[in-house]
Amino acid sequence: MSGGPDKPRSGKPLLQVEKLSVLYPVRQGFFRAPKFLHAVDGVSFYIRPGETLGLVGESGCGKSTLGRTVLRLVEPTLGRIVFDGQDITRLSERAIRPLRRRMQIVFQDPYSSLNPRMTVREIVGEGIAALRLAKTSREASETVEEMVAKVGLGPEALDRYPNEFSGGQRQRIAIARALAVRPDFVVCDEPTSALDVSVQAQILNLLERLQDELSVSYLFISHDLRVVGYMSHRIAVMYLGRIVEMGPAREVAERRLHPYTRALFGALPREDGDPRPRRVLWGEPPGPLEPPRGCVFQSRCQKAEKGRCDVEAPDLTEIVPGSHHRVACFHPEASELLAPRPSARPSIPASPPSEG
Amino acid sequence: MTSPPLLSVRDLAVSFATAEGTSVKALDGVSFDVPQGKTVGLVGESGCGKTVTALSILRLLPTPSARIDRGAIVFQGEDLLTLPERAMRQVRGGKIGMVFQEPLTALTPVYSVGAQIMEAIRLHERMSRKEARARALALLHRVGFPRPDERFDSYPHELSGGMRQRVLLAMALAAPPRLLVADEPTSALDMALRAQIMALLADQARELGMSLLVITHDLPFVAEIAHELVVLYAGKVVETGPPSRVLASPRHPYTQALVRSVPPAGSFRTRGEKRKALPTLEGSLPDPRRSPGGCAFAPRCPEVMDRCREEAPPLFEAEGGRDVVRCFLQGGAA
Ligand SMILES: Nc1ncnc2c1ncn2[C@@H]1O[C@H](COP(=O)(O)OP(=O)(O)OP(=O)(O)O)[C@@H](O)[C@H]1O
Ligand SMILES: Nc1ncnc2c1ncn2[C@@H]1O[C@H](COP(=O)(O)OP(=O)(O)OP(=O)(O)O)[C@@H](O)[C@H]1O
Ligand code: SF4
Ligand SMILES: [Mg+2]
Ligand SMILES: [Mg+2]
């Protein structure tokens, strides 16, 4: 078992994040010293070119903070962020500007990120113009029109203002803006949360097609486990600021080694329409102001072992070497399945396909 | 005899004046009822008019661009559209509560969330600050904040997306409303919280006889919570019925397309491998500035017939008169 940094075994990652932490100071009353809220706590992961890493976890566990921090929209407290070989952790805003086009975000709350005084045409075209991505203004406006059509809005949308649109239409304007500049990496923070399933399918197809064509990488945050399972190559499960399980999407979604992943995915509505009560979480998460000693999940875990889980924090560890499936738990679920089998499941590659 | 519905929306039509000087039809003759103590789900494609319907009920449409062209919204026997603004202010946050679609824009950035919930409580009931604070903490606990005192003094921007959404719900329940209008109340919530909020809403409905108009694109959620489903397309009702029937055997071609687009479970990706795209509806909602004759769904409809392009289909009865569907295919040869 190895607890070393998580790195792809071959090829260069586009994004490499090491032991990243984000602490927010929180005041409670005037006289008390501020406490710190550990929104992200020692998180490491990588994303390869053309890859989607899904990020799931309960409300408030730190997903949006993590997504914004890797783009340097929130200041990291500790750790390292390397984008395409360049350490961007402490780059000045000026030095980072040339990278801004390549790294985009679709915010969870898109409306507050759209300038109310600009038309859709201006919002979506802004990046193209600023970065001179088009040779002629004709080409620029064609790109804008194409992008707006691709997110399912009609040409009449182009000259209207954000407040004239519905919630889901605004979300699609934000998606068009992020994709218009042909980024290499996009943080998609709940990109389809305001969309009905038919428009959602249109957006998911668009994201996937762009990935096939241009090798874009996505950090894909969503509460919809079905969508995350469908879109991701790998999935990371977050709990209270830490990644507790990460691996190939199928492995994580089907094996659910961490007791928390069990609880999270166990709450999926059942395919067969069986009305039996779903398994949800028992108890309540600890406060992020005072993260517990030991495993973050112990207070709600049925398998917690006294003297171990409350003392020592389990590392994110690859249990079957070569499986790329890591879990931070002393008592992972379904360990009987983990005995090395001669006929390894075909879906576990011995090493990831090499780049290029 | 059945008692009259708590809320009855009748032939509601709303349009917007745009910056270019044209007019956009957002709703075009929408009618439905919300019976006493029941839950009605309003679903449909992004941009079809769900939020405009909700805002019309609360009379919160943006002025001066929005105009109610015709219709009535009868609540407890009174047409809300003719009520003086002062009386309407009593209705809002009193008898009718609202959870807005975009929490960040609906909350005031400069007040703590605790202060905002306390204010919502004290607006409709006289009580001391101390009592109001205790009530606010209890409400926060009910919407899934295990240690509400730690969050009481937080400002909206210090909360996560899902937390803000739940704060809005707590505010809407501050004075138990007769009718709760909830616009996407669970879109930012994980499965476990969603189940908790669903249970909370069901309890409120049972214990207090609250009625609920819930707007959502979360079909499994609405299937579980709603008694009746209303499907909108381009500002018109195209199908109604109990969710079990509508989702299992949809009758309108739009509803059929909607139900089909759910991504399949158990389909996983391999890097560098292309796969078949999800089924979608080609095209987009019709240009709301123009109102072509014929069925609004005709340009995208897989079943379209010549007649659909010339004539607008009325609502036909289906399921022995229990439900309605706006499609010629339901009207038989008539
Ligand atoms: N600016 C801030 N100041 C203080 N605390 C913050 C700030 N932003 C976020 N937090 C806190 O950090 C934690 C993580 O928030 P984050 O928004 O990352 O959660 P999330 O996983 O995206 O949740 P959701 O699924 O509800 O969107 C929460 O406890 C939140 O209250
Ligand atoms: N202030 C406005 N000015 C002009 N048009 C508007 C305005 N608000 C909404 N509209 C238009 O009215 C139509 C209905 O919008 P509405 O917000 O009701 O959609 P919705 O069904 O809630 O969609 P979503 O699921 O995306 O939130 C849309 O086509 C939208 O563009
Ligand atoms: S009326 Fe015609 S176009 Fe409209 S939904 Fe029915 S078949 Fe399709
Ligand atoms: Mg978030
Ligand atoms: Mg809406």
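Q: Which residues coordinate the magnesium ion (ligand 5)?
A: Donors are N, O and S atoms within 2.8 Å of the metal (3.2 Å for Na, K and Ca); water is not among the atoms, so sites may look incomplete. In this predicted model, Thr51(B) through OG1 and Gln101(B) through OE1 coordinate the ion at 1.9 to 2.3 Å. Thr51(B) belongs to helix α1 (residues 50–57) of chain B, and Gln101(B) to the loop between β6 (96–99) and α3 (103–106) of chain B, 50 residues apart. Helices (H or I, at least four residues) and strands (E, at least two) are DSSP runs, numbered from the N terminus.

Q: What does the model's numbering and filtering rest on?
A: Residues are numbered from 1 along each chain as its sequence is written, while chains are lettered from A and ligands numbered from 1 in the order in which they are written. Local features need pLDDT of at least 70, side-chain atom pairs count only at pLDDT 80 or more, totals for chains, interfaces and linings use all residues, and side-chain values use heavy atoms, with hydrogens and water left out.

Q: Is Gln101(B) buried or exposed?
A: Buried means under 20% relative accessible area, exposed over 50%, partly exposed in between (1.4 Å probe, protein chains only). Gln101(B) is buried at 17%, whereas Thr51(B) is partly exposed at 22%.

Q: Which residues are around ligand 3?
A: A residue is near a molecule if one of its heavy atoms lies within 4 Å of it. Around ligand 3 these include His252(B), Glu303(B), Cys295(B), Cys301(B), Cys308(B) and Cys327(B).
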